[in-house]
Amino acid sequence: MSDPYPASSQGTASAVPVPTATVERKYLLPEGLPQPAPYPEGLAAEFWEAARRHELVVQHCKSCGIHQWGPEFICYKCHSYDLDYVRVSGRGRVFSWERPWYPVHPALQKGVPYIVVLVELPDADNVRMVGNMVGDPMQDVVIGGEVVAVFEDHDDGEPPYTLVQWRVV
Amino acid sequence: MSDRTIRGKTAIVGLGETRYYKRGAAPDPEFKLTLDAIIMAAEDAGIDVRDIDGFASFSNDRNDPPRLMTALGIKHIGFSNMFWGGGGGGGSGAVANAAAAVAAGYCDVAVAYRGLAQGQFGRFGQGARVAHAPGAMAFTAPYGLMSPAQMFAMRTRRFMHEHGIEQEALRSLALASYYHAQRNPRAVMYGRPLTEEDYDNSRWIVEPFHLFDCCQENDGAAAVIITSAEMAKDLKRKPAYILAAAQGTDYRQAATAHNAPDYGTSNFKSLAPRLYAMAGVGPEEVDVLQSYENFTGGVLMSMVEHGFCKPEEVNDFFDLENFKFDGGTLPLNTSGGNLAECYMHGLELITEAVRQIRGDSPCQVADVNVSMVTSGPMVQPVSDLILGREPNR
């Protein structure tokens, strides 16, 4: 089965086929789901801006050095407000996963099943991120298995946005 | 420290429940259902509903005390309170807050209530229909992680992975709720027994949850009346004394994007020891347990965290036979609970816990001295309640 996100295509915004779907889709999940809106206070803006550049970043405390996710105004460990975002490798491990079958949103009526993975990032204090697993939605997912971030551009979003998805290494 | 306890100072003295409906089937709007439940609870207690002077609810209940007390012609109120947080985490917490207000003298007769008509106001099992996912939702909704079942399947999977839990352990909880619902005419699933095969053959909602691992979506309302232990003695129903009522949440459990450091948990680890210390009982003394089933995985984790079994014992202990009211070692969810009686956000678990003390449950356990409720696994905060036949243990 062809990999819709081969490593060489990372960074492109090309339309990708989804292997088991009878109709080709532009994205891993059907269109019409809510798109990310950064926190009104701007907390996550840098994360989504970095994703547009195909960079994975995590909030980081300039005072004590810890990574924290999701973002917050204060470092939970040392209470510094001096936080920034640092780029991480995009290599991760599957921490948990699930396969939704019931379409909880009209957009998903023809998009089930699919796989949601929870990925921990060893080079960022094991913070975790949620995304979809690239490839066959019926694949066996291995907790502890190595994955890498891939970037799914939604140039037709309003405004355009990029989701961070995960592919088995 | 010893006098700073709620133990034995208050009691649940009245129960009110509307008929329970599948979502969309209630003939009345949610506010009217709520009025009904409160009036029935007062009647059950033998109290004039106009004497209620305290209100407590949870999960952003829409039916606010100012409107309720105005509609009911209540003379005055001394306490109105909302427990923070969503889901059913505040069911026991609302009772705890009402009891604390009574013990502190803020009010004399408090009602803890929940009105919930998902037919009127929208289903909990559906994702938000918004163009943009705000705040922390931006990290999950665009990936199709939108519903409570999906939020909690992820935690359950991790716990199952860490401890080698088998699907049959989850199944035992669905079977227990349906077993008891077959004797409970109030139950929406009354007359609809569930077999192991039915469970195994049911569709996945989100792996590892089958259809029958998930709570219902219902319409209805429920209410319980709390007053002082002194006043309770003179009322018409046998009091269910509050031995402990507590809320809690563990370290950074509300971290967004599924970043709670301890992840495969139902969030009761710091609360359970405080609860038992307050009640002066241990899990081995609990005669009957109502454990909130948003999803079976949460029940499983919360029972482990409350000391009813060790993680390595789950696959053996989680067996329908252990949970039956008639002969089980730990009778569980004896009205059918959220899965098979009604999803009244766990208030219906509290009414059942009181019935077990009174001795008039359709699935009555013999000689109940201690009746316990856990509310809202996997949400933040969660809460618990331990009721006793006597005010002190």
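**Close-up views of chain B and its contact with chain A**

**View 1. Helix H10 of chain B sits inside the structure.** Ten of the ten residues of helix H10 (residues 296-305) of chain B are buried, so this helix is largely enclosed by the rest of the structure. Keep in mind as you look that this is a predicted model. Follow H10(B) along its length and you will meet the buried residues Thr296(B), Gly297(B), Gly298(B), Val299(B), Leu300(B), Met301(B), Ser302(B), Met303(B), Val304(B) and Glu305(B).

**View 2. The neighbours of H10(B).** What do the buried residues of H10(B) pack against? Four helices of chain B are listed here by name: H5 (148-163), H6 (167-181), H9 (271-279) and H11 (314-317). Strands E11 (288-291) and E12 (370-375) of chain B also pack against these buried residues. Just after H10(B) comes Gly307(B), which has a positive phi of about 80°.

**View 3. Where chain B meets chain A.** Here, 38 residues of chain B are in contact with 34 residues of chain A. On the chain B side, strand E6 (132-133), helix H5 and strand E7 (204-207) are the elements that each give two or more residues. H5(B) gives the most, with six residues. By type, this side of chain B holds 20 nonpolar, 13 polar and five charged residues.

**View 4. Two strands pair across the chains.** Strand E1 (residues 35-36) of chain A lines up with E6(B) in the parallel sense, over two bridges. Which residue of E6(B) is the bridge partner of Pro36(A)? Look for Ala133(B), which takes that role.

How values were computed
Residues numbered from 1 in each chain as written. Chains lettered and ligands numbered in written order. Predicted model: local features only at pLDDT ≥ 70, side-chain atom pairs only at ≥ 80, totals over all residues. Buried ≥ 20, exposed ≤ 12 C-beta atoms within 10 Å, placed from the backbone. Contact = placed C-beta atoms within 7 Å. Nonpolar A, V, L, I, M, F, W, Y, C, P; charged D, E, K, R; others polar. Pairing = 2+ DSSP bridges.
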